[in-house]
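Please look over the sequence and the 3D structure shown here before reading on. The paragraphs below are meant for someone meeting this structure for the first time.

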Amino acid sequence: MISSGPAGPPLAAVAVVHVPRRAQPTAWRLLLRKPTFIAGAVILLFWVACALFGTVIAPHNPYVQQLLATNAAPSSMHWFGTDGLGRDVLSRVIVGARDILFITLLATLLGTMLGTALGLAMGYLGGAIDIVVGRVVEAVLALPVVIVAFLFVVALGPSTPTLIVVIGFVFTPLIARTVRSAVLVESQLDYLSSARLLGEKAPHIMFVEILPNVVPAILVEFTVRLGYAIFAVATLSFLGFGVQPPTPDWGSDIAANYGVLPAGYWWETLFPALAIASLVIGVNLVTDSIEQVLAS
Amino acid sequence: MTTYLLRRLGLAVITLWLLSVIVFFAGQVLPGDPGRAILGQLASPSSVRVLDHQLGVDRPLLTQYVSWIGGLLHGSLGTSYTFRTAVGPFILAALVNSAKLGALAFIIVVPLGIIGGVFAALKVGQVPDRVISVTGLSFATVPEFVSGIVLIVIFGVELKWFPVSASAGPGASPLEQLYHLILPVIPLVLVLFGYIARMARAGTIESLESDYARTATLKGLKRSVVIRRHVLRNSLLPTITVIATQTGYLIGGLVVVETLFNYQGIGKLIFTAAQNKDFPMLEAGVLTIGVVYMVATLIADVLYTLLNPRLRLGSAE
């Protein structure tokens with residue numbers, strides 16, 4: 001997961017840099033020993049499998065409507081019942097993993113890459129960049145993530161690329177802030193003064209010297225953001241500004257069917273809701289374990 | 001102290017100005033042609049042009065921004081595309097409703113979160129700590145509509161203990177209103193609990209490991225006294241700031257909860273405005289949320305300064 005860096009650094013550097021790097025194989029073994037991590041990873045792998053092979057696994061075609069079997073209760077034929085258009089709920093839940101996972105993963109990756117670059121610049125270069133970007137970060141933070149994303153998605157019109165870019169951009173300042181404070185801690189350490197004395201250029205110091213040492217902080221931030229991205233995408237879909245029908249999606253399927261809850265058709269909303277909850281809990285179990293292992 | 005407050009206020013003003021630029025950009029620049037967006041693809045170009053002119057969106061962007069921000073400074077939040085009347089009264093009425101819901105959520109979640117966090121810190125690394133941390137974190141990222149729907153299914157539809165709609169209707173007594181707000185408030189409490197508990201836990205752990213806590217223990221004070229007198233006083237200070245920042249997340253949650261439970265608050269207002277492409281209403285609503293958040297954090301910072309003797313007496317940074 002974390003690269004162990006180039007082999008055989010000069011002896012002088014070993015004393016400073018060695019500590020976090022040697023910890024990595026142990027960290028991986030510590031993770032695998034944690035039941036919470038295993039549980040979370042199993043849940044995540046299950047949904048990743050659904051996302052990749054959903055159309056093969058699903059017992060029915062998630063798009064096919066059976067107008068003679070609408071709102072059918074769970075049975076041996078349809079384990080999770082059918083929705084208002086007679087579509088198989090189980091199949092829609094399985095295939096529904098695809099878009100939400102794809103969007104959240106790409107959005108979080110985008111935000112992490114931009115945020116890391118920005119955070120490195122803010123933390124290491126400081127000065128005007130730090131102040132200007134810091135103010136913009138403040139301003140974006142003054143609004144809940146869902147509201148900012150909502151505002152921009154409404155303005156641009158909902159589509160998958162829009163969701164990815166908007167959520168990625170909204171996450172950028174948040175991740176930049178975390179990376180910045182991690183960089184500030186690093187910049188007080190001796191190895192950076194050595195690098196500066198050796199006459200290394202700023203980009204080299206930022207990306208070659210500092211970056212490997214703030215990877216743990218970025219990793220934790222990435223997994224935390226992944227949870228929030230799922231939150232944001234699911235919420236936007238529920239509000240009608242995310243994945244658009246008829247594409248199977250948990251959030252929009254819930255929005256389409258929660259009107260018939262009072263009539264007793266609970267399976268059409270409850271199963272997608274449980275799918276979202278399980279995905280979020282899976283991500284959090286993994287996040288929490290990684291955080292604990294890195295803190296110890 | 002005064003210079004600190006003035007500096008803090010100055011920064012808040014700059015942030016608000018940046019926020020207005022962001023909101024203006026999203027609301028006026030990105031949608032392209034509001035007339036086309038309102039009338040739809042089938043409308044004739046001439047009627048789109050007429051509407052654009054009526055709305056004033058065919059003017060240069062800078063002119064639009066100056067007139068918009070000038071209006072804001074004079075207390076005019078703009079004119080709704082949908083209702084063709086001033087946005088202000090709608091925002092105010094919605095804000096009052098949301099404040100009721102939000103206040104109820106805070107009254108419940110703040111003591112709960114602090115107790116949970118402190119308890120977890122005292123049992124750090126043990127089972128209660130892990131349970132509180134993981135469930136707190138999980139609930140914090142389970143979208144409100146998911147927990148809301150589970151609650152509606154169980155308590156609204158199956159058991160019929162609580163009404164499914166949050167609006168008690170006109171002329172309802174405060175107690176009746178409260179009864180209608182119980183179900184909607186739970187998803188908000190679940191989301192906020194994790195954050196507050198996390199912060200209270202971190203603060204408590206930090207002060208438990210501090211030198212003064214060790215000194216207090218070493219001079220023979222009972223553990224309960226150490227925790228009450230020395231640890232909690234210091235650990236809960238940062239939590240105040242976190243609670244203020246949660247106002248922002250709370251309002252984000254209101255969009256979903258108010259939509260789900262059909263409650264006429266600021267969240268429902270923003271959602272409806274977004275559906276109708278009523279950008280002035282949307283912008284005013286979002287900006288209002290930003291202002292509420294800024295005021296809340298400002299109050300928290302002042303409170304923090306007043307409560308923390310080190311900041312009160314010494315340098316303001």
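What follows goes from one chain as a whole to its core, then to the contact with its partner, and finally to some details of that partner.

The model is predicted, and every value given below should be read with that in mind. Chain A has eleven helices and zero strands, so that reading from the N terminus on gives α-α-α-α-α-α-α-α-α-α-α as the order of its elements. Along its principal axes, the C-alpha trace of chain A spans about 80 × 45 × 25 Å. Of the 296 residues in chain A, 49% are buried. When contacts in chain A between residues at least 6 apart in sequence are considered, 72% of them join residues at least 24 apart.

The largest nonpolar core holds 160 residues, and among these A:Ala149 and A:Ile167 touch the most other members. The element that gives the most to this core is α9(A), with 18 residues. If residues up to four places away in sequence are left aside, A:Ala149 touches A:Val166, A:Ile167, A:Val170, A:Ala232 and A:Leu236.

Turning to the contact between the chains, 39 residues come from chain A and 39 residues from chain B. On the side of chain A that touches chain B, at least two residues each are supplied by α5 (127–141), α6 (145–156), α9 (202–238) and α11 (267–295) of chain A, and α11(A) gives the most, with ten residues. The residues of this side of chain A divide into 31 nonpolar, five polar and three charged.

In chain B, helix α4 covers residues 61–73, and because each residue should account for 1.5 Å, its 13 residues should span 18 Å, which agrees with the 18 Å that separate its end C-alpha atoms. After α4(B) comes B:Gly75, whose phi is positive, near 85°.

A last stop in chain B is B:Val110, which has its place in helix α5 (residues 88–122) of that chain. Is B:Val110 buried or partly exposed? There are 19 other C-beta atoms within 10 Å of B:Val110, and because a buried residue needs 20 or more, B:Val110 counts as partly exposed. Not counting residues up to four places away in sequence, B:Val110 touches B:Ile196 and B:Ile243. The C-alpha atoms of B:Val110 and B:Ile240 are separated by 9.6 Å, although these residues lie 130 residues apart along the chain.

Conventions
Residues are numbered from 1 along each chain as its sequence is written. Chains are lettered from A and ligands numbered from 1 in the order in which they are written. This is a predicted model: local features need pLDDT of at least 70, side-chain atom pairs count only at pLDDT 80 or more; totals for chains, interfaces and linings use all residues. Two residues are in contact if their C-beta atoms, placed from the backbone, lie within 7 Å. Helices (H or I, at least four residues) and strands (E, at least two) are DSSP runs, numbered from the N terminus. Ala, Val, Leu, Ile, Met, Phe, Trp, Tyr, Cys and Pro count as nonpolar, Asp, Glu, Lys and Arg as charged, and the others, Gly among them, as polar. The expected span of a helix is 1.5 Å times one less than its number of residues. A nonpolar core is a set of buried Ala, Val, Leu, Ile, Met, Phe, Trp, Tyr and Cys residues joined through C-beta atoms within 7 Å. A residue is buried if 20 or more other C-beta atoms lie within 10 Å of its own, exposed if 12 or fewer, and partly exposed in between; C-beta atoms are placed from the backbone.
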